[in-house]
Amino acid sequence: MTTIDGKKFREALGSFATGVTVIGVNNDQTVHGMTANAVSSVSLDPPLILICVDHRAKTLPMIREAGAFSVNILSKEQENISRYFANQPLDQIPEFTFTNQETEAPILNNALTALDCKVHQEVEAGDHTIFIGRVQNIIINSGQPLCFFKGKYTILA
């Protein structure tokens, strides 16, 4: 069996440019979020999306308990919101608000796009859990996406 160096693996996958999201969950009327870029569409019919959550993340048991989550795709103006939910140091907390839709998962106001999801399936995979969510509602706003490439935030040219 070939051993792959974790640092090299992370560097290789960093060559795949991704969007940046905040995964939101409502836990006992308390909003919790985490920045994630391990997000992908799964199916059009039914509409399914997946997110990958580290087993050490506080969000993991909250999603299990709530049975729902939101995927908030960030715009280029929302980098500090991404940094905030990634627990990165900031000079000040960025301004943001949430609303609730069908599942009661927190929807980030002014996100580029927001998907309100019910947990459809859960799969253990290595050091992460994959949650497949069935999309219940979609909100689309105009703007340019915030992207992540080779360990850095970037925007489309």
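Reader: What is the volume of the largest pocket, and why is it called a pocket?

Author: Its volume is about 1800 Å³, a volume being the space filled by probe spheres set on grid points that are joined across faces, edges and corners. The term pocket denotes an open set of points on a 1 Å grid over the protein atoms alone, with protein on both sides within 12 Å along at least five of seven lines. The model is predicted, so local features need pLDDT of at least 70 and side-chain atom pairs pLDDT 80 or more, while totals for chains, interfaces and linings use all residues. Residues are numbered from 1 along each chain as its sequence is written, and side-chain values use heavy atoms, without hydrogens and water.

Reader: What makes a residue part of the lining, and which residues are the closest to the centre of the pocket?

Author: A lining residue has an atom within 4 Å of a point. There are 48 such residues, and Arg10, Thr35, Ala36, Asn37 and Ala38 are the closest to the centre. Strand β3 (residues 30-36) gives the largest share, 6 residues.

Reader: How do you know that β4 and β5 pair?

Author: Strands are DSSP runs of E with at least two residues, and two strands pair if DSSP finds at least two bridges between them. Strand β4 (residues 39-43) and strand β5 (residues 48-54) are joined by 4 bridges and run antiparallel, so the condition is met. Ser43, for instance, has Leu48 in β5 as its bridge partner, and the hairpin between the two strands has 4 residues.

Reader: What makes β1 and β12 stand at the edges?

Author: The open sheet has 3 strands in the order β1-β11-β12, with antiparallel pairing. β1 (18-19) and β12 (152-155) each have a single partner strand, so one side of each is left without a neighbour in the sheet. β1 pairs with β11 (residues 146-149) over 2 bridges, and Gly19 has Cys147 as its bridge partner.

Reader: Are Asp54 and Thr129 buried or exposed?

Author: Buried means under 20% relative accessible area with a 1.4 Å probe and protein chains only, exposed over 50%, and partly exposed in between. Asp54, in strand β5, has 18% and is therefore buried. Thr129, in strand β10 (residues 128-140), has 0% and is therefore buried as well.

Reader: Why is the pair Thr129 and Glu124 called a polar contact?

Author: A polar contact needs N or O atoms within 3.5 Å, one able to donate a hydrogen and the other to accept it; residues adjacent in sequence count only through side-chain atoms on both sides. The side chains of Thr129 and Glu124 are joined at 3.3 Å, so the distance satisfies the limit.

Methods
On a 1 Å grid over the protein atoms alone, a cavity is a set of points where a 1.4 Å probe fits but cannot get out, and a pocket is an open set with protein on both sides within 12 Å along at least five of seven lines; lining residues have an atom within 4 Å of a point.
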